[in-house]
Amino acid sequence: RVSFFSSLKFQLNKWSIYRFISKNSERNINKFQKPFLFYAIPLEPEFSVQARCKEFNDQKAIIKLLALNMPAGYEVIIKEHSDVGRRSKNFYLELLKFPNIRMAHPSIRGIDLVKQARAVASMAGTVSLEASIMGKRVVEFSLHSSFSFLNNVYTIKDISNIKSIIGKVM
């Protein structure tokens, strides 16, 4: 059972992180002018992360790899799960230091970002299926995905091949 003070501390942190995200994210989807790869940050703990993505479960490292391997003139748009407050402020600060990483506000629907994105990256979430159905290319960081058999899903099996896969999908 969670104590009152632990619950209060979590709620205050959640409020603080939401304020930070609100100040450092874009609320208007039309302001994403450059072609982009969309990465939906899943809630953790989550079955798709801890069970299906055992080999690649460091989301901050994955997002950095995507940004470092993105062609010039392209961006990585990240969007936090709507249940904010489970990550530290430093998680976002470190990512937003990259000039080609931008954050979408949690109020923007993920499906709208998928529609506008050039491609989608995911650990193994339903965003992969949604993007595949729309004909978008998907980069998955999971060796145990339910969607890896689809033609437009590119599975990262080894980080040494990420640059060539990003080149294909973008």
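Let's start with Asp112, which sits in helix H5, residues 110-116; helices here are DSSP runs of H or I with at least four residues, strands are E runs of at least two, and both are numbered from the N terminus. Is Asp112 buried or exposed? Neither: its relative accessibility is 25%, so Asp112 counts as partly exposed, where buried means under 20%, exposed over 50%, and partly exposed in between, with a 1.4 Å probe and protein chains only. Asp58 is 54 residues away from Asp112 along the chain, and their C-alpha atoms are 25 Å apart.

A quick note on the model. It is predicted, so local features need pLDDT of at least 70 and side-chain atom pairs count only at pLDDT 80 or more, while totals for chains, interfaces and linings use all residues. Residues are numbered from 1 along each chain as its sequence is written, and side-chain values use heavy atoms, leaving out hydrogens and water.

Now the inside. The largest nonpolar core (buried Ala, Val, Leu, Ile, Met, Phe, Trp, Tyr and Cys joined through side-chain atoms within 4.5 Å) has 33 residues. Leu37, Tyr39, Leu66, Ile78 and Phe141 have the most contacts inside it. Among the elements that each supply at least two residues of this core are helices H1 (4-24) and H4 (89-96). A second, separate core has 15 residues, including Phe36 and Val153.

Finally, which residues of H1 meet H4? They are Ser16, Ile17, Phe20, Ile21 and Asn24, and they meet Lys89, Tyr92, Leu93 and Leu96 in H4, with contact meaning heavy atoms within 4.5 Å. Thanks, everyone!
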